[in-house]
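Q: I've got this model open in a viewer and I'd like a close look at a single part. Could you walk me through one helix and its surroundings, and then place it in the rest of the chain?

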Amino acid sequence: MTIKENTIEPARVILVCVDTGAFDAERSVRELEELARTAGAEVLGQVIQKRPSYDSATCIGEGKLEELAQTVKDWEIGLVVFDSELSPNQTRNIERILDVRVIDRTTLILDIFAQRALSKEGKLQVELAQQRYRLPHLAGKGIEMSRLGGGTAGGGLSGIGARGPGETKLETDKRHIRRRIESLEAELKELERRRGLMRERRKKDNVLTAALVGYTNVGKSTLLNALTDAGVLVENKLFATLDTTSRALNLPDGRTVLLIDTVGLIRRLPHELVQAFKSTLEEAASADIIISLIDLSAEDGFEQSEVTDKLLVELGCGNIPKINVLNKCDKVDNAEELYCDDKTAVISAKHKKGFDELLDCIARNLPETAKRGKFLIPYDKTGVINTIRIDGKVFSEEFTPNGTLIDALVDCKIFHLVEEMLCN
């Protein structure tokens, strides 16, 4: 066990991971540490226990747990976070031996989401995820269930894992939670219906959409702000923003696309969150193009990209055109030497570098629904001009001896219709 003393934050935490070989344990613990710091904890140490499988009673085995209990006592640890999901029985057994609160990875992520959700829909989604996760864990008693919870905003010990609606008391029964889940589902269903109507309206109005996706903290909000002046909160923390933001983005070919930011992704994203945020993530499933942002400076940036791609496939986005945008090139040596194909762009969102290439890449890969062209329209066919003005976007008009020269962006169907009208 490695102990790192740090006295900056009051919430003293130790992380615990069981390495069964199913995933890269060290990398997972590093990510768990970043999650814990995001929640407001001071991480003093970590335990990685190699085992062929999880212990059904204590997750890491009673012998290792007794050793951990001494460390918890010596270092006055107030919270232990497990990297795997714990059953109610495991939580109860572990807390009995350690005599401190114990939470798992899912509870920690739900806590961060409870801090970060700002919109009504975001808050409802977080609470739904918490209630769904809490329901089968009501059998767990002891430290976890004896507390009062709810609404702690700070990053102290009492807040981590207790934000959001919280447990009201030990006697909270399953009927009450089931009723609350039904109520939340009904509210979210109505919001989802409205979101669906908005998507249908955009399609009807031929509004092109681009979904900005990627691992949490890769720079999506920074890029959205840099491209559109969206004013979205930017922090060097995981899940800095949860609520969907959309802004219009003008492309070099004259088209305009609605750029939609989506919630950040992460390894082993809890199933409850995937389900709760399904309506938000569906923005990617209905987009005309997906912009997958990758952190060039991250040691495992391309592995993070694989996590993103896998989740996109699960959401039914496998057939949507996608481009890869390699961000934070300012932190990488010789980034300009990276090979880029027609579906890749290298940028620095922070320094607004490579944006021309990025916009060209988006326009190049965005499905062609409109074309820009110059039309010389004879004066005896002015009706064509009205068609272009109503259904297209006119950039310039010039009166010439032979007719009106119009530079315009029009729907592909209108483009060919205008060509036919001018030929007849």
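What follows is a tour of one helix, α8, and then of other parts of the chain.

A: Keep in mind that this is a predicted model. The protein chain has 424 residues, and 53% of them are buried. It holds 14 helices and 14 strands. If you take the contacts between residues at least 6 apart in sequence, 69% of them join residues at least 24 apart.

Now zoom in on α8, which runs over residues 220–228. This helix is mostly covered, with eight of its nine residues buried. The buried ones are Lys 220, Ser 221, Leu 223, Leu 224, Asn 225, Ala 226, Leu 227 and Thr 228. So what does the covering? Strands β6 (208–214), β7 (245–250), β8 (256–261) and β9 (289–295) are included, along with helix α12 (355–365). Just past the end of α8, Asp 229 takes a positive phi of about 55°.

Of those neighbours, α12 is worth a closer look. The axes of α8 and α12 come within 12 Å and cross at roughly 95°. An angle from 65 to 115 degrees counts as roughly perpendicular, so α8 and α12 are roughly perpendicular to each other. On the α8 side the contact is made by Leu 223, Ala 226 and Leu 227, and on the α12 side by Phe 355, Leu 358 and Leu 359. By class, that contact has six nonpolar residues, no polar ones and no charged ones.

Turn to α12 itself, and you find Phe 355, Leu 358, Leu 359, Cys 361, Ile 362, Ala 363 and Asn 365 buried. The buried residues of α12 pack against α8, β7 and β9, and also against β10 (322–327) and β11 (344–346).

Two of the contact residues turn up again in the chain's largest nonpolar core. That core has 55 residues, and Leu 223 and Leu 358 are the ones with the most contacts inside it. Leaving aside neighbours within four places in sequence, Leu 358 is in contact with Leu 223, Leu 227, Ile 323, Val 325, Ala 345 and Ile 347. Apart from this core lies another one, of 20 residues, with Val 18, Cys 59, Leu 98 and Val 100 among them. As general background, nonpolar side chains tend to be buried together in soluble globular proteins.

Next, try Thr 308, which sits in helix α11 (residues 301–314). Its relative accessibility is 1%, so Thr 308 counts as buried. Not counting residues up to four places away in sequence, Thr 308 touches Val 213, Gly 214, Tyr 215, Leu 265 and Ser 292. Tyr 215 is 93 residues from Thr 308 along the chain, yet their C-alpha atoms are separated by 6.5 Å.

For comparison with the α8 and α12 pair, here are two other helix pairs. Start with α2 (residues 62–74) and α3 (residues 88–98), whose axes come within 9 Å and cross at roughly 45°. That makes α2 oblique to α3. The crossing of α2 past α3 is right-handed. From α2, the residues Glu 62, Leu 65, Glu 66, Leu 68, Ala 69 and Val 72 meet Ile 94, Ile 97 and Leu 98 of α3. Sorted by class, this contact of α2 with α3 has seven nonpolar, no polar and two charged residues. Leu 98 of α3 is also among the residues of the 20-residue core.

Then there are α4 (residues 105–116) and α5 (residues 120–134), which pack at an angle of about 155° with their axes 9 Å apart. Therefore α4 and α5 are roughly antiparallel to each other. Here α4 passes α5 in a left-handed crossing. Thr 106, Thr 107, Leu 110, Phe 113 and Ala 114 of α4 meet Val 126, Ala 129, Gln 130 and Tyr 133 of α5. The residues of this α4 and α5 contact divide into six nonpolar, three polar and no charged.

One last stop is Leu 44, which is found in strand β3 (residues 42–50). At 0% relative accessibility, Leu 44 counts as buried. Leu 44 and Ile 77 are 33 residues apart in sequence, and C-alpha to C-alpha they are 8.4 Å apart in space.

Conventions
Residues are numbered from 1 along each chain as its sequence is written. This is a predicted model: local features need pLDDT of at least 70, side-chain atom pairs count only at pLDDT 80 or more; totals for chains, interfaces and linings use all residues. Side-chain values use heavy atoms; hydrogens and water are left out. Axes are lines fitted to C-alpha atoms, for helices over the stretch in contact, and angles run from 0 to 180 degrees between N-to-C directions. Helices (H or I, at least four residues) and strands (E, at least two) are DSSP runs, numbered from the N terminus. Angles under 35 degrees count as roughly parallel, over 145 as roughly antiparallel, 65 to 115 as roughly perpendicular and the rest as oblique. A crossing is left-handed if the near helix is turned anticlockwise from the far one by less than a right angle, and right-handed if clockwise. Contact means heavy atoms within 4.5 Å. Ala, Val, Leu, Ile, Met, Phe, Trp, Tyr, Cys and Pro count as nonpolar, Asp, Glu, Lys and Arg as charged, and the others, Gly among them, as polar. A nonpolar core is a set of buried Ala, Val, Leu, Ile, Met, Phe, Trp, Tyr and Cys residues joined through side-chain atoms within 4.5 Å. Buried means under 20% relative accessible area, exposed over 50%, partly exposed in between (1.4 Å probe, protein chains only).
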